[in-house]
Amino acid sequence: MNNIMADQKSKLNRILKDKNLDSNLVAIANKVSNNQRISFEDGLYLYAKASLGYLGTLANYIRESKHGNNTYFNRNFHMEPTNVCLYTCTFCSYSRLIKKRDEGWEYTIDDMMDIVKGYDDKPVTEVHIVGGVLPQYDVPFYSDLFKTIKNHRPELHIKALTPVEYHYIFKKAKISYEEGMKQMLEAGLDSMPGGGAEIFHPEIRDQIAGGKCSGEQWLRIHEIWHDLGKRSNATMLYGHIEEYRHRVDHMEQLRTLQDKTGGFQTFIPLKFRNKGNEMSHVEESTVVEDLKNYAISRIYLDNFDHIKAYWPMIGRDTAQLSLAFGVDDIDGTIDDTTKIYTMAGSEEQNPSLSTKELVQLIKLVGRHPIERDTLYNVVTDYMDHEWEDDKHYRGYVSLPVV
Ligand code: V47
Ligand code: SF4
């Protein structure tokens, strides 16, 4: 056992020997210590009863067993074909623009290729494409777009669209999910981002995302994609009108599919932000709740390799803290403005960091920064990297003690 793990194990042992700790929490800590899966009821119990310190200890133990101090990021850029959407998800700032289309944009393939070409001299490895749903963005449009990007820059990884778009465009084209995903693969799609998952349970999904693909359909499209030998991510939009049992149900369904396919790479909890949408009256979750949620995700999803914090949404400070609560990945070096979040009131009005800034942010909490590609192959290990203008920088502080 290396030093990092010996330290984490001794923190876990302190919990196991704590005579004052609730016996259910001791039992859950025992499962984690013995590498056993926790149950649905355990998940609910953690949300209801566990303290932040307890959750951090368990989640950090798992995080460091899997990855040590390694903390991953990638260099990508986001493209949003349109910010107008015919669906009416109550948490989203896009759909209200359907009535005021003059305030929105609807890009053509040429418009999007101009954006792609703007990154020609930049060392990005991935383009992340996601936006609203409109009828002109159909199977032929996206097939053309993926082919044109691949013709222009074959090595650029295309991570694009979610089951929300795929369900809509395949239905419109009258083709099955299987046929549709095969066509997307042939056009150049490399992987699927995790969006559109929201909360799977119909009690919540019907209220906040009525009309778009169901939880079952979302999971089915990912399963088909995994069966084609490809990878994808998963998200959960939390902190609005859902109850803890809906969050645990969501993670349970992801864990079950992951047992079957192993195709998910990363789980990304997305904190609900309340600006500019139909749920502005709903209070946002606290930072403590966000950290607890990261930790419980890490503990529950034992078969997911990575837990990602999307820093433009939660801000840099919480992203740094999250690295002690189960998170091992911070998305990305995004030097483009991703409007879906700035419209919803994200922490970062301009969600852009240079690689150097992101590396420093990770090092400042004692972690080991690694640039990865979309599939988690190491691109550059930044632990001992020095920038020419940066000789004075030796930024280390220790991790918050949990
Ligand atoms: O599905 C929309 C969310 C998602 C709000 O896979 C909101 O690497 C909070 O999935 N407050 C799309 N969230 C973005 C997404 C994503 C982001 C980063 C990385 C990856 C990845 C995927 O954004 C939507 C929805 O759940 N969203 N509105 C809001 N007001
Ligand atoms: Fe459209 Fe997606 Fe926004 Fe829902 S969350 S309104 S599907 S862009």
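So, what covers the buried residues of helix H16? The cover includes strand E1 (70-73), helices H13 (311-314) and H14 (316-322), and strands E9 (329-331) and E10 (368-372), with contact meaning heavy atoms within 4.5 Å. H16 itself spans residues 355-363, and 8 of its 9 residues are buried, that is, under 20% relative accessible area with a 1.4 Å probe, protein chains only. Among them are Leu 358, Val 359, Leu 361 and Ile 362, but also Lys 356 and Lys 363. Helices here are DSSP runs of H or I, at least four residues, and strands are runs of E, at least two, numbered from the N terminus.

Quick caveat: this is a predicted model, where local features need pLDDT of at least 70 and side-chain atom pairs count only at pLDDT 80 or more, while totals for chains, interfaces and linings use all residues. Residues are numbered from 1 along each chain as written, chains are lettered from A and ligands numbered from 1 in written order, and side-chain values use heavy atoms, without hydrogens or water.

Okay, strand E8, residues 306-310. All 5 of its 5 residues are buried, so E8 is largely enclosed by the rest of the structure. His 306, Lys 308 and Tyr 310 point one way, Ile 307 and Ala 309 the other.

Who are its neighbours? E7 (264-271) pairs with E8 in parallel over 2 bridges, pairing needing at least two DSSP bridges, and Phe 267 sits opposite Ile 307. On the other pairing, E8 and E9 run parallel, joined by 3 bridges, with Tyr 310 opposite Asp 331.

Terms used:
Buried < 20%, exposed > 50% of the residue type's maximum accessible area, 1.4 Å probe, protein only.
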